[in-house]
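Please look over the chain shown below. A short report on its fold, core and cavity comes after it.

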Amino acid sequence: MIAKIDNKTVVAESHELYVNLDYINKKINGTLNLKSLITDIPELKKYLKEAEQPLLISFSGTIPPDDFMAQPHQPLIFSWQININFQDKNFKVMLKTTLQHIKEGSTFSCRLNAMGKIFANEIGLNKIIPNIDNIIEIQFVQFILKV
């Protein structure tokens with residue numbers, strides 16, 4: 001995640017993103033606990049640690065019905081609409097997404113890259129993190145295990 005707090009660019013990352021892809025119906029579900037974000041900004045660490053309410057984001061969406069299980073396949077590049085749930089709020093976000101086959105992978109079959117923007121006031125992060133700009137850029141990379 002990249003955002004500005006007090007007009008300073010802040011980068012935060014997590015290694016605890018959970019993503020599940022149902023190969024049959026092409027649905028993806030995932031979760032991320034914002035308390036798992038790693039950053040060099042002490043104030044942000046403090047805000048996240050001291051937040052009283054749970055900071056679990058869950059999301060879901062459906063990817064195109066293309067047969068990406070075929071070996072190999074061309075990269076699928078698509079706009080991916082996901083539904084996000086955070087603290088009893090629900091909203092939709094459009095992500096630019098690429099699903100690319102990994103040649104000769106023994107454990108992983110594909111790499112899923114997604115990026116987009118969310119708005120701090122829409123999800124309520126502006127109430128948790130003072131002086132955060134409204135636009136937050138998000139990006140994630142997730143490897144899809146072979147079945």
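The report goes from the overall fold to single residues and then to the enclosed space.

## Overall fold

The model is predicted. The protein chain holds three helices and nine strands. Along the sequence, these elements follow the pattern β-β-β-β-α-β-β-β-β-α-α-β.

Of the 147 residues in the protein chain, 38% are buried. The chain exposes about 9100 Å². Carbon and sulfur atoms supply 51% of that area. Contacts can also be sorted by sequence separation. Among those between residues at least 6 apart, 54% join residues at least 24 apart.

## The hairpin of strands 6 and 7

Strand 6 covers residues 76-86, and strand 7 covers residues 89-101. The two strands run antiparallel. Eleven bridges join them. Together they form a hairpin, with two residues between the strands. At the turn end, Phe86 of strand 6 stands opposite Lys89 of strand 7. Gln87 sits in the turn and has a positive phi of about 50°.

In a regular strand, side chains alternate between the two faces of the sheet.

## Phe91

Phe91 belongs to strand 7. Is this residue buried or exposed? Phe91 has a relative accessible area of 8%. The cut-off for a buried residue is under 20%, so Phe91 counts as buried.

Beyond its neighbours within four places in sequence, Phe91 is in contact with Ile82, Asn83, Ile84, Ile118, Glu122 and Ile123. Ile82, Asn83 and Ile84 fall within strand 6, which spans 76-86. Phe59 is 32 residues away from Phe91 along the chain. The C-alpha atoms of Phe91 and Phe59 are separated by 9.6 Å.

## The nonpolar core

In soluble globular proteins, nonpolar side chains tend to be buried together. Here, the largest nonpolar core has 42 residues. Leu34, Trp80 and Leu125 have the most contacts inside this core. Which strand gives the most to the core? Strand 6 does, with six residues.

Leu125 touches Leu34, Phe86, Ala120, Ile132 and Ile136, leaving out residues up to four places away in sequence. One of these partners, Leu34, is also among the residues with the most contacts inside the core. Another, Phe86, is the residue opposite Lys89 in the hairpin.

## Positive phi in two loops

Asp6 is not a glycine, yet its phi is positive, at about 50°. Asp6 lies in the loop between strand 1 (2-5) and strand 2 (8-11). Its relative accessibility is 46%. Partly exposed residues fall between the 20% and 50% cut-offs, so Asp6 counts as partly exposed.

Asn131 is likewise not a glycine and has a positive phi of about 65°. The loop that holds Asn131 runs between helix 3 (125-128) and strand 9 (135-145).

## The cavity

Rolling a probe the size of a water molecule over the atoms shows where empty space is left. How many cavities of 30 Å³ or more are there? The count comes to one. The largest cavity has a volume of about 140 Å³.

The lining of the largest cavity consists of 15 residues. Met1, Leu37, Leu44, Ile129 and Ile132 lie nearest its centre. One of these, Ile132, is also touched by Leu125. Strand 1, strand 2 and helix 1 (42-50) each supply at least two residues of the lining. The largest share comes from strand 1, with three residues.

Terms used: Residues are numbered from 1 along each chain as its sequence is written. This is a predicted model: local features need pLDDT of at least 70, side-chain atom pairs count only at pLDDT 80 or more; totals for chains, interfaces and linings use all residues. Side-chain values use heavy atoms; hydrogens and water are left out. Two strands pair if DSSP finds at least two bridges between them. Helices (H or I, at least four residues) and strands (E, at least two) are DSSP runs, numbered from the N terminus. Buried means under 20% relative accessible area, exposed over 50%, partly exposed in between (1.4 Å probe, protein chains only). Contact means heavy atoms within 4.5 Å. Accessible areas come from the Shrake-Rupley method with a 1.4 Å probe; for residues, only the protein chains shown count as cover. A nonpolar core is a set of buried Ala, Val, Leu, Ile, Met, Phe, Trp, Tyr and Cys residues joined through side-chain atoms within 4.5 Å. On a 1 Å grid over the protein atoms alone, a cavity is a set of points where a 1.4 Å probe fits but cannot get out, and a pocket is an open set with protein on both sides within 12 Å along at least five of seven lines; lining residues have an atom within 4 Å of a point. Grid points are joined across faces, edges and corners, and a volume is the space filled by probe spheres set on the points.
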